[in-house]
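Got your viewer ready? Load the model and follow along, one selection at a time.

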Amino acid sequence: MSSLFRDPKRLLATIIAGVAGLIVLIDLVISLPQVGGIAQLLVNWAAIVTAVALVVGLINVVTSHVGRIRKRDSDWGYSVLLLAAMLITIIVGTIFSPVFSDDGSTGFVLPRSLIEKPIRAIFNTVYQPLASSFLALLAFFSLSAALRAVRKRSLDAIVIVVVALVVLLITAVPSLDMLPFVGSSIAWINDYLVLAGARGLLLGSAIGALVAGIRVLLGFDQPFLDR
């Protein structure tokens, strides 16, 4: 913090970021008309800055990959594929469909969201199969990790692997739920052990996000200054 007071630019940026964050936070907690307008203005500014940053990043990616294509660097074909996919996605995502009016003129309608038909078709035909393939690969990585854990002969690792195998076996074979005590045992594991672990992860993530936000507001962390 001492270096912060010796650098007026960093101090000014920290004060602006902290005050802006507090205004938006107060507007979320307490409904005040005086604060609501300022908070909405700050949120709109943040959205504009984010959009500009996205465009700058897009230009940077295009420039980098065009340079690789011109120099015929290694794997430059992947750059061609990336640019083509990006161009198709942008065109389909921003130009929805041609519209024909009564007077014979034509035009295009901008999509209202990313769930419209053209962009949704790209996600259904490209993104979802790729996501399913990556999830399928995770099964092999999980199996490899389980084998390495068993080789260490650790009691904790063996318990985790055994419980995971039992749950996977019962889930893969639904008829096993009809066996005595099996269905109720799985329900108990899901309702107590799994749910408790999930809630613990959510609470830990929420507390971590809260602490990170407080550190930014107080100036201990300065991601807006790349520190």
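**Stop one: the pocket**

About 250 Å³ of space lies in the largest pocket. Keep in mind as you look around that this is a predicted model. To see the pocket walls, select Ala-139, Ser-142, Leu-143, Ala-146, Leu-147, Ile-160, Val-161, Ala-164, Leu-165 and Leu-168, which line the space. Now colour by helix: H5 (117–151) and H6 each give at least two residues to this lining. Switch to colouring by class and you'll get nine nonpolar residues, one polar and no charged ones.

**Stop two: along H6**

Next, select residues 155–172, which make up helix H6. How far apart are the end C-alpha atoms of H6? They sit 26 Å apart, and this agrees with the 26 Å expected because 18 residues are counted at 1.5 Å a residue. While you're here, pick out Ala-157, Val-161 and Ile-170, which are buried in H6. Val-161 should look familiar, as it is also one of the residues lining the largest pocket.

**Stop three: over to H4**

Jump to residues 76–94, helix H4, and click on Gly-77. Its relative accessibility is 39%, so Gly-77 counts as partly exposed. Draw a distance from the C-alpha of Gly-77 to that of His-65, 12 residues away along the chain, and you should read 9.9 Å.

Stay in H4 and select Ser-79. Is Ser-79 buried or exposed? Ser-79 counts as buried because its relative accessibility is 1%, and the cut-off is under 20%. To see what surrounds it, show His-65, Arg-68 and Ile-69: Ser-79 touches these, leaving aside residues up to four places away in sequence.

How values were computed
Residues numbered from 1 in each chain as written. Predicted model: local features only at pLDDT ≥ 70, side-chain atom pairs only at ≥ 80, totals over all residues. Heavy atoms only, no water. Helix = DSSP H or I, 4+ residues; strand = E, 2+ residues; numbered from the N terminus. Expected span 1.5 Å × (residues − 1). Buried < 20%, exposed > 50% of the residue type's maximum accessible area, 1.4 Å probe, protein only. Contact = heavy atoms within 4.5 Å. 1 Å grid on protein atoms, 1.4 Å probe; cavity = no way out; pocket = protein on both sides within 12 Å on 5 of 7 lines; lining within 4 Å. Points joined across faces, edges and corners; volume = space filled by probe spheres on them. Nonpolar A, V, L, I, M, F, W, Y, C, P; charged D, E, K, R; others polar.
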